[in-house]
Amino acid sequence: LKLFAILAQAKTDQFYKFSHNLSRRVLAMSRAACLSVAVALGLYGASCFVTPMTPRSAPEAGSIAAAQLQQQGAFAEAQSQSSAWSPLAIGAALGLLIAVAGGKPALAADLENGESIFNGNCTSCHAGGNNTIVAEKKLKKEALEKYLTGGYSVASIVTQVTNGKNSMPAFGEKLGPDDIDDVANYVYGQASKW
């Protein structure tokens with residue numbers, strides 16, 4: 001019965017890791033698709049503001065044809081100036097501005113994911129940034145600067161989480177690299193707040 005429970009836990013951990021990595025990939029792909037659409041709209045909007053070149057008029061020879069060419073050139077220039085501020089171009093430019101200003105960066109660490117990984121894997125020993133095993137080795141900035149190999153940095157936290165050290169187990173086999181980066185960035189940000 002105990003063996004069955006261990007196997008069930010292992011399968012649950014594998015399923016969680018697979019489904020979580022899959023959802024992160026889908027999210028990354030949807031962000032990339034939104035960014036591609038925003039770039040396309042921006043390029044289209046920018047092309048609406050570019051005025052076409054008017055053909056050079058023939059040297060004035062006093063003929064009627066030259067006067068007509070000048071009138072056509074002036075008419076085309078007036079049309080291009082009035083169409084340079086088309087509502088479609090303004091809408092596309094505003095849409096691009098909203099998409100860029102309102103969207104999350106695609107490559108930034110996912111702190112919400114980092115918090116959920118921390119709560120699911122780390123709080124049993126490190127609730128509130130404390131350490132229930134070795135009391136002085138807390139996750140507070142001062143303690144990390146003192147005890148963490150490499151000092152207070154995201155890279156040092158990633159190394160500690162991946163490889164473990166002393167009484168801390170290694171999570172490199174249990175968590176994916178993206179999850180480890182997210183939890184390391186979460187701990188780094190929280191260390192000065194705990």
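Select Val187. Setting aside neighbours within four places in sequence, Val187 is in contact (heavy atoms within 4.5 Å) with Phe118, Leu139, Leu144, Ile157 and Trp194.

This is a predicted model: local features need pLDDT of at least 70, side-chain atom pairs count only at pLDDT 80 or more, and totals for chains, interfaces and linings use all residues. Residues are numbered from 1 along each chain as its sequence is written, and side-chain values use heavy atoms, without hydrogens or water.

Next, add Leu144, Ile157, Val161, Val183 and Phe118. With Val187, these have the most contacts inside the largest nonpolar core, which has 18 residues. Such a core is a set of buried (under 20% relative accessible area, 1.4 Å probe, protein chains only) Ala, Val, Leu, Ile, Met, Phe, Trp, Tyr and Cys residues joined through side-chain atoms within 4.5 Å. Helix 4, helix 7 (154–163) and helix 8 each give two or more residues to this core. Helix 8 gives the most, five.

Now show helix 4 (residues 111–121) and helix 8 (residues 177–190). Helices here are DSSP runs (H or I, at least four residues), numbered from the N terminus. Their axes, lines fitted to C-alpha atoms over the stretch in contact, lie 7 Å apart at an angle of about 90°. The two helices are therefore roughly perpendicular (65 to 115 degrees) to each other.

Where do helix 4 and helix 8 meet? Pick Leu111, Asn113, Gly114, Glu115, Ile117 and Phe118 in helix 4, then Asp179, Asp182, Val183, Asn185, Tyr186 and Val187 in helix 8. The residues of this contact are six nonpolar, three polar and three charged.

Finally, colour by pLDDT, the predictor's confidence in each residue, from 0 to 100. Helix 7 has the highest mean among the elements, 95, and helix 2 (residues 64–83) the lowest, 57.

Methods: Axes are lines fitted to C-alpha atoms, for helices over the stretch in contact, and angles run from 0 to 180 degrees between N-to-C directions. Angles under 35 degrees count as roughly parallel, over 145 as roughly antiparallel, 65 to 115 as roughly perpendicular and the rest as oblique. Ala, Val, Leu, Ile, Met, Phe, Trp, Tyr, Cys and Pro count as nonpolar, Asp, Glu, Lys and Arg as charged, and the others, Gly among them, as polar. Buried means under 20% relative accessible area, exposed over 50%, partly exposed in between (1.4 Å probe, protein chains only).
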